[in-house]
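Got your viewer open and your selection box ready? Let's take a walk through this one, stop by stop.

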Amino acid sequence: MTKDGKGNNDKSGDKKAQQYGVTPQSVDFNDWYNEVVKKADLADNSPVAGAMVIKPYGSALWENIVRWLDDRFKATGHESLVFPTLIPMSFIMKEADHVEGFAPELFTVNKIGTEVLAEPYVMRPTSETIIGHMWSGWLNSYRDLPFLHYQWGSVFRAELRTKAFLRTSEFYWHEGHTAHVNELEARAEVRQMLDIYHEFCRDILALPVVCGEKTASERFAGAVATYSIEGMMRDGKALQSGTSHYLGQNFSKAFDVKFQTREQKEDWAHTTSWAISSRIIGALIMTHGDDQGLIMPPNIAPIQVVVIPVGRKDNFDEMVAEGEKLAAELRASGLRVKVDKRDGVSNGFKYNDWELKGVPVRVELGPRDLESGVVVVKNRNSTEKETLARAEAVGSMTDRLAGIQAWLLARATEFMLDNTVNVDTYEEFKAAIEAGKWVRAFHCGDPESERQIKEDTKATARNIPLDDAEFFAEPEEGVCVHTGKPAAYGKRVIFGRQY
């Protein structure tokens with residue numbers, strides 16, 4: 001039995017779940033999300049507490065994400081490398097803020113077989129420490145810099161409340177690590193990567209995000225400055241979808257990453273780190289889904305078009321063969337196409353299944369369609385079907401997919417803007433947060449005030465939009481919505497509840 005928004009049992013929700021295949025978002029957004037992840041074959045629970053198994057459809061989506069980002073990293077001069085999963089405990093202890101930030105989340109390895117280790121290892125929560133250690137042996141002169149490195153892999157952070165893709169004890173990501181001769185160059189790197197993440201979310205995932213700097217309370221452990229992209233999910237909560245950090249010389253000094261300058265002096269490198277993780281799949285699901293399930297943005301969808309042969313037992317194989325011919329015509333345009341060859345499964349089931357999986361376009365081909373030279377086309381974001389000449393359907397498919405991509409971005413942008421409000425009093429602040437909105441409010445920058453706001457409302461400062469951010473960048477002056485002190489940032493800060 002599903003629950004309504006207040007946690008009460010709601011029988012009408014059960015009926016809708018049976019009708020649509022998943023619990024409607026309006027009945028229980030959390031149930032809707034969990035059901036979509038499982039029923040769309042993206043991921044499943046694993047026997048390892050807090051970890052997930054990513055299934056082939058979810059893995060294909062992650063591969064597309066990896067492929068786009070990896071090409072972009074290499075195009076900007078970055079090189080990939082691979083580091084061990086295990087990190088000596090002493091490395092984690094060297095940077096004070098770092099160990100304080102990650103200590104509660106560490107998985108520790110104390111034994112190999114029956115032998116107790118003289119020094120425990122931790123399973124990497126992130127790799128700044130071990131990379132810094134190796135860099136100290138690789139770096140001698142300013143001529144060696146910049147180091148522009150990144151790796152793909154998984155990291156481990158203990159999670160009490162897990163949720164597939166969003167919060168799991170093991171998750172997948174890239175982590176970029178770079179070292180530079182000075183602060184100016186390092187900060188330019190931080191911004192370059194933030195802009196790449198913004199481009200990726202907007203143009204590939206159709207996710208509108210706010211680019212900004214984190215407040216001191218929300219910085220990465222050991223960073224001088226942290227920048228993030230923040231997206232709004234369809235329940236109004238924020239999801240930190242990517243981060244880029246200027247680490248200053250903190251890790252360089254801890255791990256002796258120093259070099260000889262042009263002036264023949266010794267200095268420590270200025271370092272950065274940046275990442276997007278598999279939680280971006282959670283962002284995609286919660287931004288673009290509806291009561292029928294997921295809607296995949298065409299630019300990243302593992303399957304852009306599904307062809308469904310419609311036939312009887314006596315002509316099904318023939319229709320599958322015709323479906324393969326149609327798929328070949330579509331693939332010739334560079335599209336990712338699948339033919340649903342499942343026999344003994346009703347057409348209605350297939351239609352609902354692909355709707356739930358979010359494939360952007362469905363094409364139906366039956367014997368009468370074949371005789372008439374037409375196909376039936378349905379966009380995932382529409383309830384209407386179109387009967388088109390086969391050549392027209394094939395020739396216009398790229399433009400059709402581009403239209404769906406643009407529609408998804410426009411819908412998500414409109415939702416974010418409609419659900420973000422300016423507030424000037426703490427009462428307005430609390431009311432807006434309780435209503436599931438983002439708020440834009442002046443703040444004094446006091447970490448204790450942020451802590452109290454979080455305690456009162458469960459809302460945190462998401463970021464301070466950059467001056468040239470796509471959204472909410474306008475400068476303003478005012479007084480703190482919580483303390484009444486002068487505002488610290490020259491603009492409003494975005495607050496919201498988060499995943």
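The tour goes from a sheet and its helices to some charged pairs and then to the empty space inside.

Before you click: this is a predicted model, where local features need pLDDT of at least 70, side-chain atom pairs count only at pLDDT 80 or more, and totals for chains, interfaces and linings use all residues. Residues are numbered from 1 along each chain as its sequence is written, and side-chain values use heavy atoms, with hydrogens and water left out.

**Stop 1: the sheet**

Helices (H or I, at least four residues) and strands (E, at least two) are DSSP runs numbered from the N terminus, and two strands pair if DSSP finds at least two bridges between them. Bring up the open five-stranded sheet, which runs β16-β15-β17-β18-β19 with mixed pairing. Colour 337–339 (β16) and 385–389 (β19): these are the edges, and each has a single partner strand, so one side of each has no neighbour in the sheet. From one strand to the next, the twist averages 25 degrees; angles run from 0 to 180 degrees between N-to-C directions, along axes fitted to C-alpha atoms (for helices, over the stretch in contact).

Now select 305–309, strand β15, which pairs with β16 in the parallel sense over three bridges. Which residue is the bridge partner of V305 in β16? Label V337 and you have it.

Add helix α11 (347–357), which packs on the sheet and touches β15, β16, β17, β18 and β19; contact here means heavy atoms within 4.5 Å. The direction of α11 makes about 175 degrees with that of β15. Then show helix α14 (397–418), also packed on the sheet, touching β15, β17, β18 and β19, with its direction at about 140 degrees to that of β17.

**Stop 2: charged pairs**

A salt bridge here is a side-chain nitrogen of Lys or Arg within 4 Å of a carboxyl oxygen of Asp or Glu, and the count comes to 36. For accessibility, buried means under 20% relative accessible area, exposed over 50%, and partly exposed in between (1.4 Å probe, protein chains only).

- Select K74 and D70, a salt bridge at 2.6 Å, N to O. Both sit in helix α3 (56–75), four residues apart, about one turn of the helix. K74 is partly exposed at 43%, while D70 is buried at 16%.
- Next, K214 and E230, with their closest N and O atoms 2.8 Å apart. This pair links distant parts of the chain: K214 is in the loop between β9 and β10, and E230 is in β10, 16 residues apart. K214 is buried at 2%, and E230 is buried at 1%.
- Then R497 and E434, at 3.0 Å between the closest N and O atoms. R497 lies in the segment after β23 and E434 in helix α15, 63 residues apart. R497 is partly exposed at 23%; E434 is exposed at 59%.

To finish this stop, show D290, E355, R362, E364, K378, R380 and K385 together: salt bridges link them in a network.

**Stop 3: empty space**

On a 1 Å grid over the protein atoms alone, a cavity is a set of points where a 1.4 Å probe fits but cannot get out, and lining residues have an atom within 4 Å of a point. There are three cavities of 30 Å³ or more, and the largest holds about 60 Å³. Grid points are joined across faces, edges and corners, and volume is the space filled by probe spheres set on the points.

Which helix gives the most to the lining of the largest cavity? Select α6, which supplies four residues. Lining residues to display include W135, H177, F251 and T272.

Note on methods
On a 1 Å grid over the protein atoms alone, a cavity is a set of points where a 1.4 Å probe fits but cannot get out, and a pocket is an open set with protein on both sides within 12 Å along at least five of seven lines; lining residues have an atom within 4 Å of a point.
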